[in-house]
Amino acid sequence: MCDESGYNLVMKNVAFLLLLVAAHACATMDTQIAGRHIDGRGYEALHHPAANAYLYWALDCDGAHRRLTLTSSLAAIGINEGWPSSKSNLPERSLAENREEFSEAKFKSQTGLDITLGMTRKQVMDKLGLPSQSLYSKRFSAQELIYQRYTPKNKDGWYGRYANFYLFRNDRLYYIELSYDMIDGPCGQCEVITRALTPSTTSPVRP
């Protein structure tokens, strides 16, 4: 039988775990950027020079996979979309060629929950709560906060995953991506670029 000190330690750990679960349950998901909703099915590639912001709204597999991105770095969109950073013999077009598709336009460069580029990690977490994951992204060479939630399985056996990705360099937010992915659905075999959410990389975060 545990002595009193051991029992108190166990109860403290249980309380901490319950606090983390409650914090994740209370975390808020962003669903809009610049008035566009992640459940929409549009396509836009816009550049707001005065705000130094790029808006990229794309989908694959007839909407089974959707991405709505706001960033100050076109190169970051290129990394996520698989665009080569320079001319090459690869079939994909280069970043320079994709840049030409971005039309100049004014748009409100913030999310529906008033998250804006340039915020610190603490400011983002103060608004959204603790993330599902906090990690260092080797792919982007940046600190990353990830929020996610899943929809219930439907009668056909598939479900959806909503995820919000926030990337920081020098503790300043420079990339926001809202995504939706159909899981185990009719588009399950589509080859799309989606970031794996790996539990082993999760670490508790404190504001």
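The following questions and answers introduce the architecture and selected side-chain contacts of a predicted model.

Student: How many helices and strands does the chain contain?
Tutor: Read along the sequence, the elements of this predicted model follow the pattern α-β-β-β-β-β-α-α-β-α-β-β-β-β. The secondary structure comes to 4 helices and 10 strands.

Student: In what order do the 8 strands of the open sheet stand?
Tutor: The sheet has mixed pairing. Its edge strands are S6 (103–104) and S7 (133–137), each of which pairs on one side only. Strands of a sheet pair through backbone hydrogen bonds, either parallel or antiparallel. The order is S6-S3-S4-S5-S10-S9-S8-S7.

Student: Which strands does H4 touch where it packs on the sheet?
Tutor: Helix H4 covers residues 121–128. Its direction makes about 10° with that of S8. The strands touched by H4 are S7, S8, S9 and S10.

Student: In which sense do S4 and S5 pair, parallel or antiparallel?
Tutor: Strand S4 spans residues 53–60, and 7 bridges join this strand to S5. One bridge sets leucine 55 against leucine 70 in S5. In the hairpin of these strands, with 4 residues between them, cysteine 61 takes a positive phi near 55°. The sense of the S4 and S5 pairing is antiparallel.

Student: Which residue in S4 is the bridge partner of leucine 46?
Tutor: S3 and S4 are joined by 5 bridges and pair in the antiparallel sense. The partner of leucine 46 in S4 is leucine 55.

Student: Which residue in S10 stands opposite threonine 69?
Tutor: S5 and S10 run antiparallel and are joined by 7 bridges. Threonine 69 belongs to the group of S5 residues that points one way along with His65, Arg67 and Thr71. The residue opposite threonine 69 in S10 is glutamate 177.

Student: How many residues of S5 are buried?
Tutor: His65, Arg67, Thr69 and Thr71 point one way from the strand, whereas Arg66, Leu68 and Leu70 point the other way. Both groups consist of buried residues, and S5 is accordingly described as mostly covered. The count of buried residues in S5 is 7 of 7.

Student: With which residue does arginine 66 form a salt bridge?
Tutor: Arginine 66 lies in strand S5 (residues 65–71), and its partner lies in the loop between strand S2 (36–37) and strand S3 (44–48), 27 residues apart, so that the pair links distant parts of the chain. Arginine 66 is buried because its relative accessible area of 6% is under 20%. The partner is partly exposed at 38%. With the closest N and O atoms 3.2 Å apart, the partner of arginine 66 is aspartate 39.

Student: Why are lysine 122 and aspartate 126 separated by about one helical turn?
Tutor: The side chains of lysine 122 and aspartate 126 meet in a salt bridge at 2.9 Å, N to O. Lysine 122 is partly exposed at 46% relative accessibility, and aspartate 126 is partly exposed at 48%. Both residues lie in helix H4, and they are separated by about one helical turn because their spacing is 4 residues.

Student: Are aspartate 181 and arginine 161 buried or exposed?
Tutor: The side chains of these residues meet in a salt bridge of 3.2 Å, N to O. The pair links distant parts of the chain, aspartate 181 in strand S10 (residues 172–183) and arginine 161 in strand S9 (residues 159–169), 20 residues apart. Aspartate 181 and arginine 161 are both buried.

Student: How many salt bridges does a search of the whole structure find?
Tutor: Some of the charged side chains form a network, in which Asp60, Arg67 and Glu81 are linked by salt bridges. For the whole structure, the number of salt bridges found is 7.

Student: Which residue has the backbone oxygen that the side chain of tyrosine 147 reaches?
Tutor: Tyrosine 147 lies in strand S8 (residues 142–150). Tyrosine 147 is buried because its relative accessible area is 1%, under the limit of 20%. The C-alpha atoms of tyrosine 147 and aspartate 30 are separated by 8.8 Å, although these residues are 117 apart along the chain. The backbone oxygen reached by the tyrosine 147 side chain, at 2.6 Å, belongs to glycine 129.

Student: What share of the residues in the chain is buried?
Tutor: The chain exposes about 11600 Å², of which carbon and sulfur atoms supply 53%. Among the 207 residues, the buried share is 43%.

How values were computed. Residues numbered from 1 in each chain as written. Predicted model: local features only at pLDDT ≥ 70, side-chain atom pairs only at ≥ 80, totals over all residues. Heavy atoms only, no water. Salt bridge = Lys/Arg side-chain N within 4 Å of Asp/Glu carboxyl O. Helix = DSSP H or I, 4+ residues; strand = E, 2+ residues; numbered from the N terminus. Buried < 20%, exposed > 50% of the residue type's maximum accessible area, 1.4 Å probe, protein only. Polar contact = N/O pair within 3.5 Å; in protein donor to acceptor, adjacent residues only side chain to side chain. Pairing = 2+ DSSP bridges. Areas by Shrake-Rupley, 256 points an atom, 1.4 Å probe, with all protein chains shown as cover. Contact = heavy atoms within 4.5 Å. Axes fitted to C-alpha atoms, helices over the stretch in contact; angles between N-to-C directions.
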